[in-house]
Amino acid sequence: MTATHILLLIGAYFIVLLLISHFTGKNDSNVDFFKAGKQSPWYLVAFGMIGASLSGVTFISVPGWVEASEFSYMQVVFGYSLGYLVVAYVLLPIYYKQNVTSIYEYLDNRFGFVSYKVGAISFFISRVLGAAFRLFLVAIVLQQFVFDTWNVPFELTVTLSVLLIWIYTFRGGIKTIVWTDTLQTLFMLVSVGLSIYFILQQLNWDFMDFLASAELEKYSKTLFLNDFMDKNHFVKSFLGGMFITICMTGLDQDMMQKNLTCKTLKDSQKNMVSFSLVLVVVTFIFMLLGALLFIYADKFQIAIPMMDGKAKPDLLFPEIALNSGLGMIVGITFILGLIAAAYSSADSALTSLTTSFCVDFLGIGKKPENHQKRIRKTTHIGMSLLLILVVIAFKHILDTNVIDGLLQVASYTYGPLLGLFTFGIITKYQIKDKYVWIVALVSVSICYVLGKLPPENLSGYVFGYELLPLNGLITFVGLLLIRKK
């Protein structure tokens, strides 16, 4: 596919999104923007959340991770499943009972103003970095395969990407996103299925041949049980995955905002449980695709693409889909899948950041009613500009696989949220609220230092995603120390 073909395809795709936005954003009200009028069908939310959870990171970065880490990521995904049950049956009942718009309002009700702001700030930093990670991934693909052809600078590519998201979300907000996520998830799954089908054809395999092949065996080790010191050990990955889900879904305004648009708590729980089961299957298919890409690249001598002088396994999928002769269908479905996967996450992140900033920092509900819509729209523009700046910064500082980097960041930024919510739910203590920010800062600092310690200083132990529960535990202990008698 030529760069012009890709650009025309992207343009057609966004016309469809704009049509959806037109019909879902007619009211242009804050109620629809923040809560979709609490009328979303649970099955629609569940299906759309697949795309939002997987995002462009999974679509490209998980397949690119297979060569270095085999199927070890599935250990994390198994932990996700248990985490989703905790979200469905512990956290969702609390949010529905308190009828919150921002889930961090719970911390205000439970502890006080400072705890509320610490929780909101933790989410804000986490979601800005997470959304930027995802947008960065799609931006470098578009840059490599489209805009470099016309010498368009990376900064302009990022700006255009965020501008397109802003255009179709600024009126309908979460109400629009519930519907666009459904379409985007469909495109993403179709793309993966067709890519596997056409690559298998080129290799003269059917699917069962592939599963039985010696080539797959080189990449398919899933359970790592031998060396507990290793970062990928099963126990560390499983527990890390469970707590990542509790934090990045259950304590995350982005993901919870969609669940809170369901009519009832029961509908929201059905959405969460069914989604958790489907996610395991879908992620495994992505791992199979990753192995297939490296097998195909090895057979046809396709080199891993370079960017800024470094090999980028994240770019292998687009390289094969667009430049290896698999045909126009694979190219078209890949581009649709990539854009769908990336924007299904980024658009909801932009909306949730706008919601959190309006509710948690600006107190929009206390403002004069005739000013509230203007505040929301101005904030939406501000959040868009912030995302642009952070994505551009990543180009110069990011030197790791994108999904690995995303999960590492979550280990630090979501820890205080985990500790605060756990303490609030399982104890009846009140705390000296004014000291909570110190507890959070100390916890994050300790975990950051531990994560950066050389393995030889820890008898060969390498910290992985278990830093997240450890971060939450340190925060919990700190809250115990500042509890009121």
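Surface patches here are made of residues with over 30% relative accessible area and no salt bridge (a side-chain nitrogen of Lys or Arg within 4 Å of a carboxyl oxygen of Asp or Glu), with nonpolar side chains (Val, Leu, Ile, Met, Phe, Trp, Tyr) joined within 5 Å. One nonpolar patch of about 540 Å² is made by Y435, W437, I438, L441, V442 and I446. The model is predicted: local features need pLDDT of at least 70, side-chain atom pairs count only at pLDDT 80 or more, and totals for chains, interfaces and linings use all residues. Residues are numbered from 1 along each chain as its sequence is written, and side-chain values use heavy atoms, without hydrogens and water.

**Surface**
- L441 lies in helix α19 (residues 436-452), helices being DSSP runs of H or I with at least four residues.
- L441 has a relative accessible area of 51% and is exposed (over 50%; buried is under 20%, with a 1.4 Å probe and protein chains only).

**Core**
- The largest nonpolar core (buried Ala, Val, Leu, Ile, Met, Phe, Trp, Tyr and Cys joined through side-chain atoms within 4.5 Å) has 141 residues, and Y95, I199, M272, I320 and F421 have the most contacts inside it.
- Helix α6 (residues 113-145) gives the most to this core, with 18 residues.
- In helix α14 (residues 316-323), 7 of the 8 residues are buried, among them I320.
- Just after α14, G325 has a positive phi of about 80°.

**R127**
- R127, in helix α6, is buried at 3% relative accessibility.
- Residues touched by R127 (heavy atoms within 4.5 Å) include R134, M248 and Y414.
- The R127 side chain makes a polar contact with that of D252 at 2.7 Å (N or O atoms within 3.5 Å, one able to donate a hydrogen and the other to accept it; residues adjacent in sequence count only if both atoms are side-chain atoms).

Technical notes:
Patches are made of residues with over 30% relative accessible area and no salt bridge: like charges are joined within 9 Å, nonpolar side chains (Val, Leu, Ile, Met, Phe, Trp, Tyr) within 5 Å. Accessible areas come from the Shrake-Rupley method with a 1.4 Å probe; for residues, only the protein chains shown count as cover. Helices (H or I, at least four residues) and strands (E, at least two) are DSSP runs, numbered from the N terminus. Lists of a residue's contacts leave out its neighbours within four places in sequence.
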